[in-house]
Amino acid sequence: MDRVARLASQKAVVIFSRSTCCMCHAIKRLFYDQGVSPAVHELDEDPRGKEMEWALIRLGCNPAVPAVFIGGKFVGSANAVMTLQLSGSLKKMLKDAGALWL
């Protein structure tokens, strides 16, 4: 859990992902298309990935990936991020976290 919290606070936007997950790819693309450069941690490529996956599940992220943190705070998985995007709230969160300047 400490490792997830530490990694989540190192950049304005952090995504925990799996390289083979299509929803993870869609969420990463959403951020890239907005000009955001998130820190991406591919759990299937990390030796401690399974441990981090369990920590994300304990945080309430089910399924464990994609798990998105903005400004060090857990936002949620794909459904939560897409809901924020559709409501227009995501852009404000990204600006407040320093991930967007426009």
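Helices and strands here are DSSP runs, with at least four residues for a helix and at least two for a strand, numbered from the N terminus. Counted that way, the protein chain of this predicted model has five helices and four strands. Read along the sequence, these elements follow the pattern α-β-α-β-α-β-β-α-α.

On overall dimensions, the C-alpha atoms fit a box of roughly 35 × 25 × 20 Å along the principal axes. A compact globule with 102 residues would have a radius of gyration near 13 Å, and the 12 Å of the protein chain agrees with that. Of the 102 residues, 45% count as buried. The accessible surface comes to about 5,700 Å², and 55% of this area belongs to carbon and sulfur atoms. Contacts also reach well along the sequence: of those with a separation of 6 or more, 61% are made by residues 24 or more positions apart.

Next comes the sheet. Strands of a sheet pair through backbone hydrogen bonds, either parallel or antiparallel. Here the four strands form an open sheet in the order β2-β1-β3-β4, and the pairing is mixed. β2 and β4 (73-76) sit at the edges, each pairing on one side only. Neighbouring strands are turned by 25° against each other on average, direction ignored.

The parallel sense shows up between β1 (residues 13-17) and β2 (residues 39-42), which pair over four bridges. Within this pair, Ile-15 stands opposite Val-40 of β2. The antiparallel sense appears between β3 (residues 67-70) and β4, this time over three bridges. Ile-70 has Lys-73 in β4 as its bridge partner.

Two helices pack on this sheet. Helix α2 touches β1, β2 and β3, and its direction makes about 160° with that of β1. Helix α3 (residues 49-59) touches β1, β3 and β4, with its direction at about 70° to that of β3. α2 also belongs to a right-handed β-α-β unit, together with β1 and β2.

A closer look at one residue of α2 rounds this off. Tyr-32 lies in that helix, which spans residues 22-33. Is Tyr-32 buried or exposed? The cut-offs are under 20% relative accessible area for buried and over 50% for exposed, so Tyr-32, at 37%, counts as partly exposed. Leaving aside neighbours within four places in sequence, Tyr-32 is in contact with Pro-38 and Val-40. Val-40 is the β2 residue that Ile-15 stands opposite. As for Gln-10, 22 residues from Tyr-32 along the chain, the two C-alpha atoms are separated by 18 Å.

Terms used. Residues are numbered from 1 along each chain as its sequence is written. This is a predicted model: local features need pLDDT of at least 70, side-chain atom pairs count only at pLDDT 80 or more; totals for chains, interfaces and linings use all residues. Side-chain values use heavy atoms; hydrogens and water are left out. Buried means under 20% relative accessible area, exposed over 50%, partly exposed in between (1.4 Å probe, protein chains only). Contact means heavy atoms within 4.5 Å. Two strands pair if DSSP finds at least two bridges between them. A crossover is right-handed if, with the strands pointing away from the viewer, the path from the first strand over the helix to the second runs clockwise. Axes are lines fitted to C-alpha atoms, for helices over the stretch in contact, and angles run from 0 to 180 degrees between N-to-C directions. The radius of gyration is taken over C-alpha atoms; the globule rule is 2.2 Å times the number of residues to the power 0.38. Accessible areas come from the Shrake-Rupley method with a 1.4 Å probe; for residues, only the protein chains shown count as cover.
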